[in-house]
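I open these notes to record what I looked up in a structure that is new to me. The entries follow the order in which I consulted it.

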Amino acid sequence: MTSNSQSSAETVERPGSLLVLALLAPVAGVIAGLLGAIFRLALERGDRLRDTLILWAHGHKATGFLMVTLSCAAATALSARLVRRFSPSASGSGIPHVETVVQGELPQAPFPLIPVKFLGGLLAMSAGLALGREGPSVQMGASSADTLAKLFKRNLQDRRVLLAAGAGAGLAVAFNAPIAGAIFVLEELVRRFEPRIAIVALGASSAAITVAHLFLGYQPDFHVQALEFTRNNGIKVLFFLLGAVAGLAGIAYNHAILGAIATVERLRGWPVELRAAFIGAAVGVLAWFAPALVGGGDPITQRVLEGVGTLSILPLLFLIRFGLGAVSYAAATPGGLFAPMLVLGAQLGLFFGLGCQFLFSGLGIEPVAFAVVGMAAFFAGVVRAPLTGIVLVTEMTGNVTMLLPMLSACFAAMLIPTLMRHPPIYDSLKELAVRKASASAAP
């Protein structure tokens, strides 16, 4: 080992380094909390504006239809323009980019990423694209934490730790789930448990959620009826089977996302803005006919968790959201995958639960319980981060009685894709990001 490497290692491990990081973590959390909370409030305004526009447009027939379609196309194109012109790293979820930075594969993007992620995400999601707010919140939290670390002249290792903690704080605010934010750092970003990283992640997430509560309130994101602990072994087997189905659906969803990206990238003769405008216009058409089906999807998830849906209509709604999520991500605008995945998981779970209730009426099946478990299972099948998924759904629904069924379902949802050697979605997206960065850097 060289003397420089030894000096760097000593700097990382000395107690003073941990103390400084522990002091900076809450500051990074406060910044992430402010950014995330303001972003969530702005998205709520954007959704209301879109709904108001659609309501007005329906009174003007053809003119209104064109207004909605063109508005969605223009907002999506402008979002893509901001990304291409000012911060290409702001495209998509941002989580794969954060992972590459934490793992030292790519450098952190410059400061303009934050305003581009905020404005671009606001434009794209307000236009109705099925994207999640957590992507921008995670990447803005990570970027602001890295800026803070640079300001206090931390070394590269400390910067990466604080950056990962800022990302977790962003996730915590996005879903009002502070424990999931900290677990996300350990399970997905750094993929190991290290007390030093855990301390910083917990400090950032706790500070972020404290600030966010001042703006957003203290209630869980979703309201779910009281669900009883499952004692019937037959129902436990059904939860396991739901996990297996979710694992297969997760493989299909990953293929759909990557396929949509590949299809759009084949249109190399089209400017990025034109591709995005085409996708935005298609979303605008869907918004005209079915405004409740577009956007991030929280209202859809809430209705599913209330048991709204039938065996005849749920498959159609699932397929629409399935395709919409994949196509929306291919627009190369800022926006995440978590929220759309939770919609699909809830729909899949409710459909499975209703089917089991019909087939096994004597078991006393509660379909909403399957919707809750389906959210965690589908998340595990797509992302392959079961602990984050279980804790995230538990915190978002305020429900702890489904923990054991979620463990069983996530086991199956993880097992199927792993046996089939299908990679997690963020691994695939990370490879794409590294490949694009290498191609851009090549002479």
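**Entry 1: the second largest pocket.** I began with the classes of residue in the lining of the second largest pocket, and I noted 16 nonpolar, nine polar and nine charged residues. The model is a predicted one, and I read every value below as computed from it. I then looked up the extent of this pocket: its volume is about 720 Å³, and 34 residues line it. Nearest its centre I found Glu44, Asp47, Arg133, Asp298 and Pro299. Which elements give two or more residues to this lining? I listed α2 (15-57), α9 (195-216) and α12 (298-305). Of the elements, α2 gives the most, with seven residues.

**Entry 2: the largest pocket.** I turned next to the largest pocket, for which I recorded a volume of about 1100 Å³. Its lining comprises 32 residues, and those nearest the centre are Pro88, Ser91, Glu265, Ala433 and Lys436. Two or more lining residues come from each of α3 (61-86), α4 (95-102), α10 (233-265), α11 (272-289) and α18 (425-441). Which element gives the most to this lining? I found that it is α18, with six residues. Sorted by class, the lining of the largest pocket has 19 nonpolar, eight polar and five charged residues.

**Entry 3: helices α16 and α17.** I then examined how helix α16 (residues 386-397) packs with helix α17 (residues 403-419). The angle is about 145 degrees, and the axes lie 10 Å apart. I noted the crossing of α16 and α17 as right-handed. On the α16 side, the residues in contact are Pro386, Ile390, Val393 and Thr394. On the α17 side, they meet Leu403, Met406, Leu407, Cys410 and Met414. By class, I counted eight nonpolar residues and one polar residue in this contact, with no charged residues.

**Entry 4: aromatic pairs.** How many aromatic pairs does the structure hold? I found 14. A pair of aromatic rings is described by the distance of the centres and the angle of the planes. I took up one pair, phenylalanine 184 and phenylalanine 338, with ring centres 6.1 Å apart. The planes of phenylalanine 184 and phenylalanine 338 stand at 85 degrees, so I entered the pair as edge-to-face, since planes over 60 degrees apart count as such. I also looked up where the two residues sit: phenylalanine 184 belongs to helix α8 (residues 178-189) and phenylalanine 338 to helix α14 (residues 338-359). The pair thus links distant parts of the chain, 154 residues apart.

Notes. Residues numbered from 1 in each chain as written. Predicted model: local features only at pLDDT ≥ 70, side-chain atom pairs only at ≥ 80, totals over all residues. Heavy atoms only, no water. Axes fitted to C-alpha atoms, helices over the stretch in contact; angles between N-to-C directions. Helix = DSSP H or I, 4+ residues; strand = E, 2+ residues; numbered from the N terminus. Left-handed = near helix turned anticlockwise from the far one by under 90°. Contact = heavy atoms within 4.5 Å. Nonpolar A, V, L, I, M, F, W, Y, C, P; charged D, E, K, R; others polar. 1 Å grid on protein atoms, 1.4 Å probe; cavity = no way out; pocket = protein on both sides within 12 Å on 5 of 7 lines; lining within 4 Å. Points joined across faces, edges and corners; volume = space filled by probe spheres on them. Phe/Tyr/Trp six-rings, centres within 6.5 Å; stacked < 30°, edge-to-face > 60°.
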